[in-house]
Amino acid sequence: GQQQKKQKKESAPETEKSSQKIPRKPVPAPEAGKSPHSILPREKPQEKHISSSLPVPSPQSLTQKPQKKEAAEKSAMHAPEPAPALSPASKEILEKKESRVQDESEEEKEITSLPPQQARKPSFFSKLKETFGKKEQVKAPEKAPESAPEPTPPASSEHDSEIPRGFFGSISDRISKKVLSEKQFEELFWELEVVMLENNVALEVIEKIKEDLARELVGKPLLRSKLEETVAATLKHSVESLFEVGEPLDLLARAAEKKPLVICFVGINGSGKTTTIAKLCHMFQKHHMSCVIAAGDTFRAAAIDQLQVHAQKLGVRLIKHDYGSDPAAVAFDAIAYAKANNKDVVLIDTAGRQHSNRNLMDELKKVKRVNNPDLIIFVGESITGNDCVEQAREFDAAVGINGIILTKADV
Ligand SMILES: Nc1nc2c(ncn2[C@@H]2O[C@H](COP(=O)(O)OP(=O)(O)OP(=O)(O)O)[C@@H](O)[C@H]2O)c(=O)[nH]1
Ligand SMILES: [Mg+2]
C-alpha cells in the first residue's frame, strides 16, 4: 500500500493544485479495461442507460469511520462546506443510543469491573459470534448466561463429538445448530445500526440491510462456523441490490450512437469531477474514440492548469478561456471544436459548487441551456454517505442528472 501511494505521487505530482492548502492525493491514470468509478443510474424518462461495472463497497466499508473530506475542504473558496447534518430521525436514534450506552456501561461496570474502554461493547459481528458461542455453553454447569438463552435445538455438536452419535446424529448436529431469535437479532443489530448512523448511512439503507440480515439469520439453524460467511454474503447482496435502480448507463455505447457526445460533469467541491474526466477520456481513447475537454471551471485557482496537465498527458485538446470567464462559452467552443474536428466526445468540466448556492446553480443551468449536453453526470464521493444522496437530489432538481459516478471507493 505504502509503495503504491509513493508511486502514485511520483507518477502524477502535477495533478495537485498549487492553490490548495491541504495536499491532495493524486490519482493514477486509469488502467485499460478498468472502470474507475461506479456509474449509477438515475431514473429519468429520457435517459435509461447506465454503467458497465459497479464495484460495490466491501461490507466493512459500511462500518468504517468517515474519511476526512480534505478535497471538499480545500476549495471552500467557492462555497463553504456545511457540516453534514443528520436527519431528525437519525438524531433521535443516536440520542436514544447515547442514553442506552450510558445505562449499559453502568451495568457493565458492575458486572465486569473493567476500565471503561475495555468494557466497551464489541461489534455486531463479534457479539453475534459470542451469542452463538454462549449458546454452546448453555450446558456448562456453573454459570447461566446473563441474557436468557432462546430455545435451541438440543444437541451442540462440536463439543459433544466424542459421544458416538451415528450418521444421522452427527449430520443433524452439523446442520441444526443455533437459532437466533428476533429479539436477539434486534439487540445485536442495534450496534451495527448505530455504527451505520454515525457514519451517515441512509436510514432506508440501514432498514434494507436489517431486513436482509434478519431474513438470513433469524429463526434458522445456523452453524457458528458459517456465520461470518453468511453475514458477509448477505451484506454484499444487500448493498448490491441497492444499486439496482435502473439500466446501466453505457457511455461507450452512447458515444457510438451520437457524435459528438457531450457530457457535462457536475458536483460539489472536490468530489472528483476533473479526475473523473481524465479517467473517462482515457477510457474513450482506449476504445478508439477521440475526446476534447472543456475547462469549464473558470473559477477555482489552478483548475485550468490541473486540466491542462491531464490533457497533455492524454494528448487531447483542452478548450479553455481565462479565469473568471463564462463556463457556458467555454463549453460552447469545445463543442464547436469537436464538430469541426470530428471528435467523438466532449467532456465538460465545471467548478465544484454547493447545491445550496443558488447563483452557482444558476450558472450551471446556463451551461445546460446554452449547450444542451447529451448527458449530465453527477460526480459524488462514495465516502460521503447520506449527504451524497441529498446532493445528487439537489443537482437533479436544478439541472436534471442522467447518471451518477461515485469516486473514491478506493479510499
Ligand atoms: N483516492 C481517490 N482520490 C480521488 C479520486 N477521484 C479524485 N480523487 C482526488 O480527489 C481530489 C479532488 O479531485 P478533483 O478531480 O480535483 O475534484 P473536483 O471535483 O474536480 O474538484 P473541484 O474542481 O475543486 O470541485 C484530488 O486530490 C484527486 O486526486 C478517486 O477515485 N480516488
Ligand atoms: Mg475540478
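This short presentation concerns the nonpolar cores of the structure and the surroundings of strand 5. Please bear in mind that the model is predicted.

I begin with the largest nonpolar core, which has 30 residues. The members that touch the most others are Val266, Val346, Ile348, Phe378, Phe395 and Ile401. Several elements give two or more residues to this core: the strands are strand 4 (261-266), strand 5 (291-294), strand 7 (345-348), strand 8 (375-381) and strand 9 (403-407), and the helices are helix 13 (327-340), helix 14 (358-371) and helix 15 (386-399). Helix 13 supplies the largest share, seven residues.

A second core, separate from this one, comprises 28 residues, among them Phe284, Met289, Leu375 and Ile405. As a general remark, nonpolar side chains in soluble globular proteins tend to be buried together.

Let me return to Phe395. Beyond its neighbours within four places in sequence, Phe395 is in contact with residues including Val266, Phe378 and Ile401. Its contacts also include Arg353, His355, Met361 and Leu364.

I turn now to strand 5. In which directions do Cys291, Val292, Ile293 and Ala294 point from this strand? Cys291 and Ile293 point one way, Val292 and Ala294 the other, and all are buried. In a regular strand, side chains alternate between the two faces of the sheet.

Strand 5 runs parallel to strand 7, to which four bridges join it; here Ile293 stands opposite Leu347. Strand 5 also runs parallel to strand 6 (residues 317-319), with three bridges between them, and Ala294 stands opposite Ile319. Together with helix 12 (residues 303-314), strands 5 and 6 make a right-handed β-α-β unit.

Notes:
Residues are numbered from 1 along each chain as its sequence is written. Chains are lettered from A and ligands numbered from 1 in the order in which they are written. This is a predicted model: local features need pLDDT of at least 70, side-chain atom pairs count only at pLDDT 80 or more; totals for chains, interfaces and linings use all residues. Side-chain values use heavy atoms; hydrogens and water are left out. A nonpolar core is a set of buried Ala, Val, Leu, Ile, Met, Phe, Trp, Tyr and Cys residues joined through side-chain atoms within 4.5 Å. Buried means under 20% relative accessible area, exposed over 50%, partly exposed in between (1.4 Å probe, protein chains only). Contact means heavy atoms within 4.5 Å. Two strands pair if DSSP finds at least two bridges between them. A crossover is right-handed if, with the strands pointing away from the viewer, the path from the first strand over the helix to the second runs clockwise.
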